Amino acid sequence: MDGMLVIISGPSGSGKGTVVKQLNPDNGYALSISVTTRKPREGEQHGRDYFFTAEEDFHTMRQENNLLEHFFYVGNYYGTPRKYVEEQIAEGKIVVLEIEVNGALQVKEKFPSAVLIFLMPPTHSELENRLKKRGTEDAGTIEARLKQALEEVPLIHRYNYLVINDVIPEAVAKIDAIVAAERMKPTRCAAKIQDFLRS
Ligand code: 5GP
């Protein structure tokens with residue numbers, strides 16, 4: 001099977017972390033783990049949720065071209081390690097990046113065949129409720145993240161799909177359906193076509 005790259009973006013509080021963690025690795029998904037200079041939240045683990053990194057080390061990775069993309073988001077740097085993504089695609093995996101829009105558009109430039117999915121909560125007030133309920137950010141950070149969410153919305157038209165995340169298992173099923181359909185596009189089936197010709 002040809003590998004592919006799926007990017008899932010959406011405002012902070014859209015539930016993308018929860019949705020992405022429910023994509024089943026048995027279906028070929030491989031989740032990329034980002035590098036960040038943000039401090040870990042309670043319960044977050046280095047190497048599982050993020051690679052938590054000092055700013056100096058982040059900049060070294062960037063300068064050495066070890067990041068596929070990077071962005072400064074509400075006070076912290078975030079970036080996608082290049083090597084993992086390239087290796088997993090070469091192995092035929094569906095590599096999933098859960099990143100914000102600016103980084104997503106950087107990746108689309110480099111990998112035009114990447115599938116961009118925007119995950120949105122049903123309403124803006126629901127977003128606010130979720131962020132407050134999560135309780136991981138102070139009031140100023142919540143406000144900055146809500147503002148950032150509104151800035152992301154005009155960029156939705158650059159995405160290939162929009163999924164409303166109301167009921168989590170339904171959003172997961174929609175992403176599975178998108179990926180299944182994308183994998184049947186002839187342009188993504190070079191390996192299958194070769195197998196047929198050789199058989
Ligand atoms: P959080 O601090 O809530 O974990 O993440 C803040 C934002 O950064 C989210 O929108 C998340 O998707 C995004 N993000 C996480 N990792 C990366 C990354 O590697 N690159 C970019 N561009 N954004 C990321």
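**Notebook: aromatic pairs and the S5-S6 hairpin**

I looked up burial and found that tyrosine 73 and tyrosine 78 are both buried. The model I am working from is predicted.

I checked the ring geometry of these two tyrosines next. The ring centres of tyrosine 73 and tyrosine 78 are 6.0 Å apart with planes at 85°, so I logged the pair as edge-to-face; the cut-off for that class is over 60 degrees. I then asked which residues form one aromatic cluster with Tyr73 and Tyr78. The cluster consists of Tyr50, Phe52, Tyr73 and Tyr78.

I took the count of aromatic pairs, and it comes to six. One that I opened is phenylalanine 58 with tyrosine 77: the centres lie 5.4 Å apart and the planes stand at 35°, so this pair is tilted. I placed phenylalanine 58 in helix H2 (residues 55-63) and tyrosine 77 in strand S6 (residues 76-81), so the pair ties together parts 19 residues apart in sequence. For phenylalanine 58 I read a relative accessible area of 0%, which means that this residue is buried.

I turned to the strands last. Strand S5 (residues 67-73) pairs with S6 in the antiparallel sense, and I noted six bridges between them. Which residue in S6 does tyrosine 73 stand opposite? I found asparagine 76 there. The hairpin of S5 and S6 has two residues between the strands, and I noted that valine 74 takes a positive phi near 40° in this hairpin.

I added one general reminder on strands: side chains in a regular strand alternate between the two faces of the sheet.

Conventions. Residues numbered from 1 in each chain as written. Predicted model: local features only at pLDDT ≥ 70, side-chain atom pairs only at ≥ 80, totals over all residues. Heavy atoms only, no water. Phe/Tyr/Trp six-rings, centres within 6.5 Å; stacked < 30°, edge-to-face > 60°. Helix = DSSP H or I, 4+ residues; strand = E, 2+ residues; numbered from the N terminus. Buried < 20%, exposed > 50% of the residue type's maximum accessible area, 1.4 Å probe, protein only. Pairing = 2+ DSSP bridges.
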